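Hi everyone, thanks for making time this morning. Please have the sequence and the model up on your screens, and we will walk through them together.

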Amino acid sequence: QQQQQHDPTTTNTITTKSPIFLVIGSFNNRYRRNIDSLIYPVSAHRDKNFTIRFLGGGSDSVSNDALTALLRTKFPKVDYDAKIQLLPRTDSREFMMRVAESDVILPLVDDGSFYHPRGYQGG
């Protein structure tokens, strides 16, 4: 029996549908995900078909409305409803489903994101 070769061009989801980029974790304060690093690429490529999903997003004290307002402020030049999705905290099963259906995970970590004078802050 001959083994079938994998052809990445036939199963690559980015070539068959609009890509889904996933940001996991908090982004509502200085020492978390640096969503400012997305402002230029999202604006420059706003005519392309893609989705950026934010999963989690903030601490327990921050409402989804506040996070939505923050994202709308950061990305004012894009069709927000078509390109940006804020997903509330989910259970473990749904979390893993959201990760699996994503094409790219964006860490959005730079020197300023996780450095804190008192050390790592659990982000």
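Let's begin with Lys-74, which is partly exposed, its relative accessible area being 23%. In that wording, buried means under 20% relative accessible area, exposed means over 50%, and partly exposed is in between, using a 1.4 Å probe and protein chains only. A word on where this comes from: this is a predicted model, where local features need pLDDT of at least 70 and side-chain atom pairs count only at pLDDT 80 or more, while totals for chains, interfaces and linings use all residues. Residues are numbered from 1 along each chain as its sequence is written, and side-chain values use heavy atoms, with hydrogens and water left out.

So what does the side chain of Lys-74 meet in a salt bridge? The partner is Asp-36, at 2.6 Å from N to O. This pair links distant parts of the chain, 38 residues apart: Lys-74 sits in helix 4, and Asp-36 in the loop between strand 1 and helix 3 (39-44). Helices (H or I, at least four residues) and strands (E, at least two) are DSSP runs, numbered from the N terminus. Asp-36 is partly exposed too, at 40% relative accessibility.

A salt bridge here is a side-chain nitrogen of Lys or Arg within 4 Å of a carboxyl oxygen of Asp or Glu. How many salt bridges does this rule give? The count comes to four. In general, side chains of opposite charge can pair when their charged atoms come close.

Now find Arg-98. Its salt bridge with Glu-94 has the closest N and O atoms 3.4 Å apart. Both residues belong to helix 6, four residues apart, which is about one turn of the helix. Arg-98 also forms a salt bridge with Glu-101, and there the closest N and O atoms are 3.1 Å apart. As for exposure, Arg-98 is partly exposed at 22%, Glu-94 is partly exposed at 30%, and Glu-101 is partly exposed at 32%. Add Arg-53 and you have a network of salt bridges linking Arg-53, Glu-94, Arg-98 and Glu-101.

Is Arg-53 buried or exposed? At 10% relative accessibility, Arg-53 counts as buried. You will find Arg-53 in strand 2. Its side chain also joins that of Gln-85 in a polar contact of 2.6 Å. A polar contact is a pair of N or O atoms within 3.5 Å; within protein, one must be able to donate a hydrogen and the other to accept it, and residues adjacent in sequence count only if both atoms are side-chain atoms.

Let's zoom out to the sheet. Four strands form an open sheet in the order 3-2-1-4, with parallel pairing. Strand 3 (84-87) and strand 4 (104-105) are at the edges with a single partner strand each, so one side of each has no neighbour in the sheet. Strands count as paired if DSSP finds at least two bridges between them. Strand 1 (residues 20-24) and strand 4 pair over two bridges, and Phe-21 stands opposite Val-104 in strand 4.

Two helices lie across these strands. Helix 4 (residues 64-74) crosses strand 2 (51-55) and strand 3, running at about 160 degrees to strand 3. Helix 6 (residues 92-100) lies across strand 1, strand 2, strand 3 and strand 4, at about 135 degrees to strand 1. For these angles, axes are lines fitted to C-alpha atoms, for helices over the stretch in contact, and angles run from 0 to 180 degrees between N-to-C directions.

Next, the core. The largest nonpolar core has 17 residues, and those with the most contacts inside it are Leu-38, Ile-52, Phe-54, Leu-71, Phe-75 and Ile-84. Strand 2, helix 4 and strand 3 each supply at least two residues of this core. By definition, a nonpolar core is a set of buried Ala, Val, Leu, Ile, Met, Phe, Trp, Tyr and Cys residues joined through side-chain atoms within 4.5 Å. Beyond four places in sequence, Leu-38 is in contact (heavy atoms within 4.5 Å) with Val-23, Ile-52, Phe-54, Phe-75, Leu-106 and Leu-108.

Last stop: Lys-83, in helix 5 (residues 80-83). Lys-83 is buried, with a relative accessible area of 9%, and its side chain reaches the backbone oxygen of Lys-48 at 2.3 Å. Thanks for listening!
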